[in-house]
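Hi everyone, thanks for coming. Let's look at a structure together and go through a few of its features.

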Amino acid sequence: MLPALKPTPDAAVVLTKATLRAAEQLGLNNAELAAVIGISEATVSRLKANGRPISPTSKEGELALMLIRVFRSLDPLTGGDERKRRNWMTSYNQALLGQPHQLIRKADGLVRTLAYLDGMRAAT
């Protein structure tokens, strides 16, 4: 008898769930998440209602993957502490010349924030 095959998870569904979780952990509300990945607030609501997944090959998918990387880079730097993580996101960062939660709303700010966090992780 052959072993039962596990269904392959849908990449878009996995990306959507990971994006929503990362946004929550970073303290982003619907409007902020919408700005980061370039969609409307109504679309964020549909994402949360499981009505519309994020395609990994779309522009919003690329930005969502970067947001997830921001969370994954920041989380170990803050020791997994939600309060520290959210404080970092809302505090002025002299190296980035702004508050990360505002900077990531534009693609160049998201890229700079991610590069900064990757550099910080490499230095530890």
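Before we start, a word on the annotation I'm about to use: UniProt positions are given in the numbering used here, feature names are shortened, and annotations may be inferred rather than shown by experiment. Please also keep in mind that this is a predicted model.

So, what does the record say? The unreviewed UniProt entry annotates residues 11-69 as "domain: Antitoxin Xre-like helix-turn-helix". In the model, that span is 71% helix and 0% strand, and the C-alpha atoms at its two ends lie 16 Å apart.

Now let's turn to two helices. Two packed helices are described by the angle between their axes and the distance between the axes. Here, helix α4, residues 59-77, packs against α5 at an angle of about 120°, and the axes are 9 Å apart. Angles from 65 to 115 degrees would count as roughly perpendicular and those over 145 as roughly antiparallel, so α4 and α5 are oblique to each other. Their crossing is right-handed. Which residues make the contact? On α4 they are F71, L74 and D75, and on α5 they are R85, W88 and M89.

Hold on to W88, please, as we meet that residue again. How many aromatic pairs are there? The count comes to one. W88 and Y116 form that pair, with 6.3 Å from centre to centre and 15° between the planes, and it is stacked. W88 sits in helix α5, residues 82-90, while Y116 belongs to helix α7, residues 107-123. The two are 28 residues apart, so the pair links distant parts of the chain. Finally, is Y116 buried or partly exposed? Y116 is partly exposed, with a relative accessible area of 25%.

Definitions and conventions: Residues numbered from 1 in each chain as written. Predicted model: local features only at pLDDT ≥ 70, side-chain atom pairs only at ≥ 80, totals over all residues. Heavy atoms only, no water. Helix = DSSP H or I, 4+ residues; strand = E, 2+ residues; numbered from the N terminus. Phe/Tyr/Trp six-rings, centres within 6.5 Å; stacked < 30°, edge-to-face > 60°. Buried < 20%, exposed > 50% of the residue type's maximum accessible area, 1.4 Å probe, protein only. Axes fitted to C-alpha atoms, helices over the stretch in contact; angles between N-to-C directions. Parallel < 35°, antiparallel > 145°, perpendicular 65-115°, else oblique. Left-handed = near helix turned anticlockwise from the far one by under 90°. Contact = heavy atoms within 4.5 Å.
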